[in-house]
Structures are given as structure tokens and as C-alpha cells.
Amino acid sequence: MSVDTTTAQEALTFADLGLSPKVLSAVTDAGYTTPTPIQAGSIPHAIQGKDVLGIAQTGTGKTAAFVLPMITRLEKGRARARMPRTLILEPTRELAAQVEENFIKYGKNHRLNISLLIGGVSFDEQEKKLERGADVLIATPGRMLDHFERGKLLLTGVEILVIDEADRMLDMGFIPDIERICKLIPFTRQTLFFSATMPPEITKLTEQFLHAPVRVEVSRAASTSINITQRLVKSGSKPWDKRETLRNLIRAEGDSLKNAIIFCNRKIEVSDLFKSLQKHEFDVGALHGDMDQRARMMMLDNFRSGRLKLLVASDVAARGLDIPDVSHVFNFDVPIHAEDYVHRIGRTGRAGRSGKSFTIVTRGDTKHLDAIEKLTGQNIEWHDGDLSTLAPATEEDDAPRRGRGAPKRAGRKGDGERKRDHKRERKEEVVEAKPAEVQEAPAEVTDIAEERRTRKDAIKSDNASRGTRSGNTGNQSRRDDRRHNRSNDDLNDGTVGFGDDMPAFMKIAVKV
Ligand code: AMP
């Protein structure tokens, strides 16, 4: 693969990138004046029809980096029935919906036919749209192949193929599907390929399917924003210890905590923590891959609008979601992938605001913590002082069933007392597991993709030296894809932009 690299020229404006007047006008209306490095680096080449390999994560403006040149190029030519002109592959329905919103926003001066092929919507409805001819087809890989296999979709007219979030596709087991799709699309197509990281499997894929790409690498957010105050917090390793630590942290932050995302490594923890926080009467919602689409969108809406203060989430569920203005991020678990730490805490301190992140650390977390500090090149400070002195757990905290009126007890608890509290909470956990008590809770672990990732992580750490990464069959991926439900009504969830108030990390210069 021959690779041409590019550097961003600092003071570029959108008008310097070669975009059409109609696209430029839509960008101005969206309130953006200065392209981000990934946009400045990719757009001029993409407009010329070159393949682009963009190494950039969500939050860098990478969606517009492919949407804007695509719309410019689509101004010439027309779509034919069942033969989409462009295809964008996304790992999740949310990301697919966000890309659709971007096409609507930037394509407001065009009459683009946009089709979204994602699980949960009836095939008939989607087929009708395909029949009309799609300028833009946005799809998750499994659903797209299902349509292809039903003979309702011809890929021979695809001029531009976008593969977005390729490393996430790898994590979710979609690579065999991607390989298959790439082979179904004419060789003469233009390919725009985006990934936050470049593990060997992804490099192999780019070598196989990209033709002399221009490589644009935005300094990965290995550095964390200076607006974020980061702290590590020691905790016992039992789940109930960690939950108590978290509750104390939240309470200690008082009014400075406007809203927070609490990240867990696994979906089962999302579910458990959500239920526990609910029992302790926190204003909390949860987000994970197995929730019904409508519930997810509602949850996000409530969080964005301030009706919910806390949101417990897994990495997979929160990935790529544009949730601005979060005051706090809590890592209930130290993330297994160091990069996830950067993604997670990047949810706060956005758009020039300040933010705080707290990571709960147990004795077993040293290895993952070391990896984070190595990646970010900084030693994260420990929270000074004993948290229980800062915000002593009260009787009310540990006996949620007593209600808010229960008298508070001042001072710190003795060890024996704390052990009794833990026992009590363990008992509560059993009660919490009863179906009658969890009507509002998200479903238990069934998200195969997420589970698979966790399993893979375990296997990976055991077999690190062997470097094995288990793949998944296309059929399995499609099953995953189909498991998600979505209706068209769910797509009203607007993407929120920063306007001119671009966060500092989006301005990081492009590496050569
Ligand atoms: P993305 O990386 O595509 O998920 O974009 C992250 C956020 O940045 C979205 O809210 C975009 O609307 C916003 N954005 C995209 N381009 C720009 C820009 N040039 N200036 C400021 N914000 C932008």
C-alpha cells in the first residue's frame, strides 16, 4: 500500500477546502467556521476522489470530514433504483443515525435520497426507500448483507464506500462482513476509511482494500484535556465497596456535580450499579447495548435535557454519542483498554468548560492503570484524604428502603459497622435481582458483542504473548445486528455541535 501523508495547514477556512457553494452555505448555517484537523487534512483529498485513511476518534469532527466531500461529489449524477451511489458502514445503529443527521444537516441545500438500513425497522419500509434509488446508504453490516441476500440491493453502482469506526467493527466481530462487502463493491470505487486505532487486523484490511490512500492522522487523544481534573480513588475490590466509594464521591462533589456519566466495563455492572444507585435514590439512568432502542433514546434525551443527573453506561453503548456539557465522569471500573480511558474522560471538559473525572481503583487494577498512565504520559493524582471522612456514609445511604426522612448519623463508621453495611447491601443485591423490582432497569447481560469483547479481553490478557484475537462469523454478526430494535420515530434525536466554541483537543495538529 503506498501511503501519501498530509499535514493540516493551520489557518484554513472551510472555503479553502474545495467544497461546493451549497455545501459551504450549509456548513456556515451549522455555525462552523474553522475546519478541525481531520477535516482540513481529509476533505481536499476526498473531493479529488482519492482514498483516505483517517486515524481519528469520535469527537474530532470526523463525520463531517467524510460527509462534506461526499455531498460535494454527489452533486454530479443521479441514483438508480436499488443501486445506491454511496455506502457508509457503521458499527452501531446510533452512529448510523448520527451520520444520517449529519447528511440532513449538511445536505439541506440538496435533494439527497438517504436510506438507513439498521436492525429493528421493517424490511419492507427499507426496501421501498432502496427502490426509489439512494444517493446515500447508511447501514450496519449485518442488516445490509441481509438486504443484499434478499436480492433487493445491488452494490455495483457504489462510487464511494465509507468504513467508519473500523476498530470498533473489529471489537464487535464485524470484520468478516466488511471483507465480504468490500469484495461486492466495484474495485474502481473511492474508499474513505476511519479508525481511532490501528491494530494489525485493521492495517491488514487497509492494505487489502485501500488504493494509495492519503493518510491523515489526528494526534490520537492520548493526551487528555487540561480542562479536566483527574483523580484516582482507592477502593476495596468488592462490588459493594466500590458502590459505596462511588456514592461517597458523588455526595462529596455536592452542587458542583451538575451531571455525570459513570462508566462500567461490563454490561452486568451497568445493570447492577444502576439498580443500586436507584435504590439509594439517586437520579439515575442507564445505557447499554441491549436496551430497546426507544428506551435508549429516551434515556439519552432525559440526560441531555437535564431531567436525569447520572447516567451509568458501558463503553460500547456510549461510544460516539455526542453528549455535550457533562460536569463529571466516574470510572466505576478502570477501563481494560487504555484508550477507553481517554474516550471516557473526554466526555467532560468539552468546549472549553472544566470537568472532573474520578477513577475508582482496586488492588487488581495496577496493570490497566499503568497502561493508561503510559498512554497519556502522565501520572494521575490520587484523591487526597480519606473519602469516608470527606463524605461519611450515613445510615440513610446504606438503608435505602427507609426513605429520605430517615435521620442522618454524623461521623465515620467503624470497621465492624461497615462490614455489616456490606452484608446488608449484599442482601439487597439478591432482592434487586427479582424481576418484579427491575421493571425500569435495563436488561441483564445479553449483548453478545459486548460480552464477546469482555471474553476476548480475558482471553487476550491470558494469551497476550500469543496475540490471538478471535473473529466471529458473519452470521453471528448479523444476529447481533438483528437483535437491536429501532423505529423511524427514534431518529429525531438531534446531534449537538459546538458551534465556534471548539474544544481544544479538536484543534490538535495533524501528525505527518
Ligand atoms: P464527530 O467527531 O463527527 O462526532 O463530531 C464531534 C462534534 O463536533 C459534533 O458535535 C460536530 O457537530 C462538531 N463539529 C464538527 N465539525 C466542527 C467544526 N469544524 N467546528 C466545531 N465543531 C465541529
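**Figure 1. Two aromatic pairs turn up in this structure.** The model is a predicted one, and this close-up takes the pair made by Phe66 and Phe194. Their ring centres sit 5.4 Å from each other, with 45 degrees between the planes, which puts the pair in the tilted class. Phe66 belongs to helix H3 (residues 62-74) and Phe194 to strand E7 (residues 190-195), so the two rings tie together parts of the chain that lie 128 residues apart in sequence. Phe66 counts as buried because its relative accessibility is 0%. Phe194 is buried too, at a relative accessible area of 1%.

**Figure 2. Here Phe330 and Phe358 form a stacked pair.** The ring centres of Phe330 and Phe358 are 5.7 Å apart and their planes meet at 15 degrees; stacking calls for an angle under 30 degrees, so this pair is stacked. Look for Phe330 in strand E13 (residues 328-331) and Phe358 in strand E14 (residues 355-361). The two are 28 residues apart, so to speak a link between distant parts of the chain. Both Phe330 and Phe358 are buried.

**Figure 3. Phe123 has arginines over its ring.** Arg143 lies over the face of Phe123, 3.9 Å from the ring centre. Arg150 also places its charged end over the Phe123 ring, and here the distance to the centre is 4.1 Å.

**Figure 4. Strand E11 runs parallel to strand E12.** E11 covers residues 284-287, E12 covers residues 310-314, and four bridges join them in the parallel sense. In a regular strand, side chains alternate between the two faces of the sheet. Zoom in on E11 and you can follow who points where: Val284 and Ala286 go one way, while Gly285 and Leu287 go the other. Whichever way they point, all of these residues are buried. Across the pairing, Ala286 of E11 stands opposite Val312 of E12.

**Figure 5. Zooming back out, the protein chain holds 20 helices and 15 strands.** Of its 512 residues, 58% are buried. Take the contacts with a separation of 6 or more: 78% of them come from residues 24 or more positions apart. About 21,600 Å² of the protein chain is exposed, and carbon and sulfur atoms supply 50% of that area.

Terms used
Residues are numbered from 1 along each chain as its sequence is written. This is a predicted model: local features need pLDDT of at least 70, side-chain atom pairs count only at pLDDT 80 or more; totals for chains, interfaces and linings use all residues. Side-chain values use heavy atoms; hydrogens and water are left out. Rings of Phe, Tyr and Trp (its six-membered ring) pair if their centres lie within 6.5 Å; planes under 30 degrees apart count as stacked, over 60 as edge-to-face and the rest as tilted. Buried means under 20% relative accessible area, exposed over 50%, partly exposed in between (1.4 Å probe, protein chains only). A charge sits over a ring if NZ of Lys or CZ of Arg is within 6 Å of the ring centre and within 35 degrees of the ring normal. Contact means heavy atoms within 4.5 Å. Accessible areas come from the Shrake-Rupley method with a 1.4 Å probe; for residues, only the protein chains shown count as cover. Two strands pair if DSSP finds at least two bridges between them.
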